[in-house]
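Colleague: I am new to this structure and would like to understand one part of it properly. Please take a close look at the salt bridges, and say where the residues that form them sit.

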Amino acid sequence: MTSSTPFPADFLWGGATAANQIEGAYNEGGKGLSIQDVMPQGIATPRTEGPTDDNLKQVAIDFYHRYAEDIALFAEMGFKTFRFSIAWSRVFPLGDESEPNEEGLAFYDRVLDECEKHGIEPLVTISHYETPLHLTETYDGWVNRDLIGFYERYARVLFARYGTRVKYWLTFNEINSVLHAPLMSGGINTPKDQLSTTDLYQAIHNELVASALATKAARELAPQAQIGCMVLAMPAYPLTPDPDDVMASLTTERTNLAFGDIHVRGEYPGYYLRSLRDQGVELVITDEDRALLKEHTVDFVSFSYYMSVAETADDSKRIIGEGNIMGGVSNPTLQASEWGWQIDPVGLRIVLNQFWDRWQKPLFIVENGLGARDQLVEVDGRKTVIDDYRIDYLNDHLVQVGEAITDGVDVMGYTSWGCIDIVSASTAQLSKRYGFIYVDRNDDGTGTLDRYKKKSFDWYAEVISSNGASLTR
Ligand code: BGP
């Protein structure tokens with residue numbers, strides 16, 4: 001380690017993925033269907049009746065069969081940690097059975113074997129946009145309180161099986177995204193335009209209680225485990241200095257900050273309760289729920305960060321960008337990616353400072369990256385991608401992480417999203433690539449699935465080996 005880096009010596013550098021976006025093998029090993037099997041276009045179109053052949057996630061990048069090769073490539077980059085999710089429907093094919101599927105559990109044993117072989121610390125998401133389809137169709141997903149028990153049973157199986165091997169756990173991926181993507185995030189079958197506000201907020205409450213119960217279970221079954229919540233972070237800047245715009249931006253930010261507040265402080269904040277009252281929402285919250293939330297708060301806060309948005313109180317000024325699933329007003333000072341996500345490295349420093357000031361919990365950036373179209377070229381007889389745009393994006397964001405650490409923020413680590421090319425969550429494309437490793441698979445499903453190192457592969461390896469000293473400031 002050189003003295004010119006702000007990153008601590010034990011900083012967890014790595015990459016992040018999710019089961020449904022990498023594994024494929026959608027009906028192998030006793031796996032049941034998940035909501036992803038009826039979402040061939042991501043969140044762009046309504047769900048289909050059943051699985052369809054045009055769904056790239058059926059094969060994804062075939063990580064189910066190629067995990068050893070892929071983890072070896074991550075190790076070659078020097079990863080200290082690898083974030084992946086466990087497919088709930090691999091472990092409980094329907095979701096409401098009493099006994100887990102041994103073949104599904106054995107797969108993750110093998111993944112963990114490979115991580116251990118290379119000295120890579122696993123970072124496991126328990127639920128990442130892949131609710132078993134049966135729970136969606138029979139119970140309407142998280143709207144139904146029964147899911148709390150099914151999730152707790154699933155989490156207990158994971159802690160009992162992997163608790164000595166996995167230290168870092170995340171309960172729900174981007175838990176706040178259920179506000180905008182009820183099916184993908186909350187497994188809710190009722191179409192968004194027919195879903196009542198009460199049902200939506202009840203689903204959120206049920207997930208929060210389940211998250212607390214998982215934390216409780218971890219304390220019992222895996223005492224050395226560290227449990228994190230995971231929120232989609234997206235600062236909302238006031239579009240102008242007009243106090244009404246500032247208030248509007250605060251209100252928008254609070255729709256996301258509430259999730260961290262509840263996970264860290266163990267109770268609903270006053271502004272959240274007021275918003276429920278204003279919307280005429282009355283939730284079923286038991287005394288036991290309140291006690292669970294209060295007693296089983298998280299050890300750390302993890303989050304994804306891709307973009308910021310602007311906010312205004314003046315509807316005539318609302319120019320909505322393409323945005324993430326969370327939407328938002330475009331910021332005229334920022335450039336956007338090809339998919340309309342506004343690029344804002346300083347926003348990451350702002351989020352880190354805001355979260356640290358607010359919660360005083362260690363922070364883990366578990367998703368960040370640039371989705372871009374790549375072109376495979378041949379250089380010195382070797383196929384590669386010259387992805388300087390991705391290097392620039394990641395470099396500029398990591399420099400801001402360094403600034404935040406220098407500001408005094410406790411940052412545990414950074415896992416760039418889609419460290420190997422994967423199927424996109426929002427659009428289900430493979431052409432929206434994030435990886436350091438190119439996967440030869442196209443949007444029409446053609447391709448060899450061969451892996452090629454991009455220019456960013458060597459760049460990230462250097463960032464890790466120098467512990468951030470090689471970043472260009
Ligand atoms: C987050 C999700 C991920 C991931 C990422 C990039 O919202 O947690 O699953 O996919 O965004 O989004 P996309 O794949 O739509 O480009």
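Modeller: Lys 455 is partly exposed, with a relative accessible area of 36%; this value, like the others here, comes from a predicted model. The partner of Lys 455 in a salt bridge is Asp 388, and the closest N and O atoms of the two are 2.6 Å apart. Asp 388 belongs to helix H13 (residues 388-406) and Lys 455 to helix H14 (residues 455-465), so this pair ties together parts that are 67 residues apart in sequence. Asp 388 is partly exposed as well, at 33% relative accessible area. Elsewhere, salt bridges with shared partners join six residues into one network: Glu 102, Asp 109, Asp 113, Glu 116, Arg 161 and Arg 165. In total, the model contains 33 salt bridges.

Another of these pairs is made by Glu 367 and Arg 83, whose side chains meet with an N to O distance of 3.0 Å. Glu 367 is in strand S11 and Arg 83 in strand S2 (residues 81-85), so the salt bridge ties together parts that are 284 residues apart in sequence. Are these two residues buried or exposed? Glu 367 has a relative accessible area of 4% and counts as buried because the limit for that class is under 20%. Arg 83 is also buried, at 0%.

A third pair lies within one helix. Arg 265 and Asp 261 form a salt bridge of 3.4 Å, N to O. They are four residues apart in helix H9, which means that about one helical turn separates them. Their surroundings can be described by accessibility: Arg 265 is partly exposed at 37%, whereas Asp 261 is buried at 0%.

Arg 265 and Asp 261 also take part in the contact of H9 with another helix, H12. On the H9 side the contact is made by Glu 253, Leu 257, Gly 260, Asp 261, Val 264 and Arg 265, and on the H12 side by Gln 354, Phe 355, Arg 358 and Trp 359. Sorted by class, this contact has four nonpolar, two polar and four charged residues. The axis of H9 (residues 243-265) comes within 11 Å of the axis of H12, and the two cross at roughly 40°. With that angle, H9 and H12 are oblique to each other, because it falls neither under 35 degrees nor in the range of 65 to 115. The crossing of H9 past H12 is right-handed.

The chain then leaves H12 (345-359) by a loop that leads to strand S11 (363-367), and Gln 360 is found in this loop. Gln 360 has a positive phi, near 55°, although the residue is not a glycine. The strand at the end of the loop, S11, is the one that holds Glu 367 of the salt bridge with Arg 83. Ala 428 is another residue other than glycine with a positive phi, of about 60°. Ala 428 is in the loop between strand S14 (411-417) and strand S15 (437-439), and it is buried, with 7% relative accessibility.

Methods: Residues are numbered from 1 along each chain as its sequence is written. This is a predicted model: local features need pLDDT of at least 70, side-chain atom pairs count only at pLDDT 80 or more; totals for chains, interfaces and linings use all residues. Side-chain values use heavy atoms; hydrogens and water are left out. Buried means under 20% relative accessible area, exposed over 50%, partly exposed in between (1.4 Å probe, protein chains only). Axes are lines fitted to C-alpha atoms, for helices over the stretch in contact, and angles run from 0 to 180 degrees between N-to-C directions. Angles under 35 degrees count as roughly parallel, over 145 as roughly antiparallel, 65 to 115 as roughly perpendicular and the rest as oblique. A crossing is left-handed if the near helix is turned anticlockwise from the far one by less than a right angle, and right-handed if clockwise. Contact means heavy atoms within 4.5 Å. Ala, Val, Leu, Ile, Met, Phe, Trp, Tyr, Cys and Pro count as nonpolar, Asp, Glu, Lys and Arg as charged, and the others, Gly among them, as polar. A salt bridge is a side-chain nitrogen of Lys or Arg within 4 Å of a carboxyl oxygen of Asp or Glu.
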